[in-house]
Structure formats: C-alpha cells, structure tokens
Amino acid sequence: MKTHKQIYKKLCEKSNLIEAYEKAKKGKTKKIQVIEFTQSFEEEIDKLHQELISFTYSPLPLRRFIVRDPKSRVIHASAFRDRIVHHAIINLIGPIFEKSFIYDSHASRLNKGTHLAVSRFDSFKRKVSRNGRQAGAVGGVEKTSYIQGYCLKADIKKYFNNIDHNILINILKRKIKDEKVILLIKKVLSNFENEGIAKGMPLGNYTSQFFANVYLNEFDYFVKHILKARYYIRYVDDFVILHKRKKVLELHKERIKRYLKVLNLELHPDKSAIIPLHKGTTFLGYKIFYHYKLLRKRNFRTFKRKYEKRLQLYKDGLISKKDLMAQLEGWFGYAQWANTYKVRKKILAEIKKIVTKNIILLCITLLNVIFLF
C-alpha cells in the first residue's frame, strides 16, 4: 500500500489555499462571509497561511440551525475561512483515497451522484431478474406471475452521529503518514461538540461528506470482496444489494450486522429490509419498479406544498416568472428520471395559463391608463 509523507507543507501553500477558496465560494458569492473575506482577500489568505504553518490555526465555532426538507435535520455550518481549510485538506488527500473507492460508491464524488446510482440499480435489476423474466407455474400449480429477484435495502442508524473519530483517524493513517496533516484533521473533527465523546461529524461540512466515504470504504470492500456481492450500490449510508435469491440476502444481512460492530455502527432496524423486486424499492427519492419509477410520495407532497406557495406569490406579483421557474427547474431535473411526464406537462400548462392571464391583465391596465390621458 502506497503511503504519503511530508504533504503538510503542500497543503499550506498559498496556491492550494487560493484553489480551496475558489471551490469554497462556488455558489455562495452573495453570502456576507464570502463578500467580507473577498474584500480583504490577500490579507485573509496570508493570515490563514501563517496560522497553518505556525500550527496556530483553530476553527471557529460552528453555526447550528435546523432544516426541515421534508424531515428535520440539524445542520452545523462552518465559517467561510474554515471551509477554505476543509477544501485545502481534501485537495491534498482526496485524490489519494479516491483511487481506493469502489465504482458504486456514488455520494459526493466527481461524475457520480443519485442519477448514476439509480441507473446502476436499473442495470442490476435486469441482470438479477434475467431481463424481467417472470415466475409462473411451479410444480404444475399456477401462481401469479411476478418479476424475479430481491433487494436488500438498508441504511445505517444515525450514521454521521456515530462515526468514531479514533477509528476514522486509524483508517486515514494507513495512507497518510504525515502527523501534521493528521493533527489538522483532528482539529476539524474535534470542533463538533458531541457531549465530550470522540464521535460524530456535522452535517453540512465538506470534510464530513468526504470522511463519510472514507469510513465506509472498509465496509464496501467487505461487501464486494468478502460477501462477494456483485450488485451492490452505496450512497452515503444508504445502500442496496440485489440478488435472485432471498436466502442469500438474509445471510448477507446477518454478516453485515456483525461486521458493522467493528466500525461501532448498526443497521437501522426500521429501514433495513429484503424486498421482492416486483413490489418496488424505495431508493434515493424514487420508488423503483421493474418497468417504471415513481417519485416518493413524501417528496412529491413537499414539492407540491412549496410550489403552491410560490405560485401564489407569483399571482400576487411578489416574485417574477424567472423566480418561479428557478424552483421548477431543479425539481424537473429530479422528476424527469421518473415517470412524471403528465405531471410536468400539467404544471407547465398551468403556469402558461396564469402567465398569459397576467399579461392580458397588464395590457388592459396599460390601455386604461392610456385612454385616461
């Protein structure tokens, strides 16, 4: 195994910090912290550089808030200067670990993501079910036909809260032999308050996303090389294994439970089950059947509620058509991967009708004004 020594100096270089700054500010240029940092850019970069090389750098307290979309999640946001340090760390160690990640780990990786993961699920379900071959009569007895094959759908209970810092550091040390880099990572990890226990990472940190993949990379290898599961996909702590035989998945599930104890983790008891493919599998926001996909009902209800509010704002003249369409574009990007053509067509027709009505009313108002004068 290749190890990496004396990389801290490269991490601290201004060129790396500037690259990290560019990545950290992407999509956030209107945030007050970013604006203030940018106004004194050279001074702030130099200050960060000096703190890192003199080992006096210390992260600022995290800002805590709650997001409800659709379920409540506690988010801890780092100060912008700390996010630059996070990117500077991943700039250096990211490529080192990326080489060891399995192909079907899809979260927070370049050219991966939910759509590729769902596409891989489609490919795997065809292989497991032998291209949708249906089970019928068995032993001369007629049975209702259905698509063959099963899916172990599971996730890990309170994954981010239960990541053990000591285990993570030991995993990192197998490749990173520069103790200065390790000490900096420890500072980042310890900035998250978790009742004095060396456990957990904050949702919202760029480093948390990366370390979450590193931590479960051990698990990926166990599933792929020890269990020899060919049809396995993971997205953060949400994973599936497909197989034509239910008994095999039952054995996999028991061995997975035992293995996760090594990482101080456990399967979520209410979200881990073996499902026949013909009944549909909920995965990454979709309910996937053999011949079609549906959006999760909860996700659709959340979208509908937000859309109706924004539509009313548009009707009242409080937001523009551009603002209304901005929300729709993101949702359409997600919805188009499911069988939602009629729903999307209906929404666009509704907007077109309202926009046309507003234009007509505006024209009438202008004409009235003209005739008054």
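1. Let me start with the smaller of the spaces worth a look. In this predicted model, the second largest cavity holds about 30 Å³ of space. Its lining consists of Val188, Leu189, Pro202, Asn205, Thr207 and Ser208. Two elements give two or more residues to that lining, namely helix H9 (179-190) and helix H10 (206-226). If you sort the lining of the second largest cavity by class, you get three nonpolar and three polar residues, with no charged ones.

2. Now for its companion. The structure holds two cavities of 30 Å³ or more, and the largest has a volume of about 40 Å³. Around the largest cavity you will find Pro59, Leu62, Ser78, Asp82, His86, Val188, Asn191 and Asn205. By class, that lining has three nonpolar, four polar and one charged residues. When you have the model open, try colouring Val188 and Asn205: both belong to the lining of the largest cavity and to that of the second largest cavity.

3. On to helix packing, beginning towards the N terminus. Helix H2 (residues 14-25) packs with helix H4 (residues 41-53) at an angle of about 120°, and their axes are 10 Å apart. The two helices are therefore oblique to each other. Their crossing is right-handed. From H2, the contact uses Lys14, Leu17, Ile18 and Tyr21, while H4 brings Phe41, Ile45, Asp46, Leu48, His49 and Leu52. Seven of the residues in this contact are nonpolar, one is polar and two are charged.

4. How does the second helix pair, H12 and H13, pack, and at what angle? Helix H12 (residues 297-315) and helix H13 (residues 321-335) meet at an angle of about 165°, with their axes 10 Å apart. Because the cut-off for roughly antiparallel is an angle over 145 degrees, H12 counts as roughly antiparallel to H13. H12 passes H13 in a left-handed crossing.

5. A few words on who touches whom in that pair. H12 contributes Asn299, Phe300, Phe303, Lys306, Tyr307, Arg310, Leu311 and Tyr314 to the contact, and H13 answers with Lys321, Asp323, Leu324, Gln327, Leu328, Trp331 and Tyr334. In terms of class, the contact of H12 with H13 has nine nonpolar, two polar and four charged residues. The charged residues are Lys306 and Arg310 on H12, with Lys321 and Asp323 on H13.

Technical notes
Residues numbered from 1 in each chain as written. Predicted model: local features only at pLDDT ≥ 70, side-chain atom pairs only at ≥ 80, totals over all residues. Heavy atoms only, no water. 1 Å grid on protein atoms, 1.4 Å probe; cavity = no way out; pocket = protein on both sides within 12 Å on 5 of 7 lines; lining within 4 Å. Points joined across faces, edges and corners; volume = space filled by probe spheres on them. Helix = DSSP H or I, 4+ residues; strand = E, 2+ residues; numbered from the N terminus. Axes fitted to C-alpha atoms, helices over the stretch in contact; angles between N-to-C directions. Parallel < 35°, antiparallel > 145°, perpendicular 65-115°, else oblique. Left-handed = near helix turned anticlockwise from the far one by under 90°. Contact = heavy atoms within 4.5 Å.
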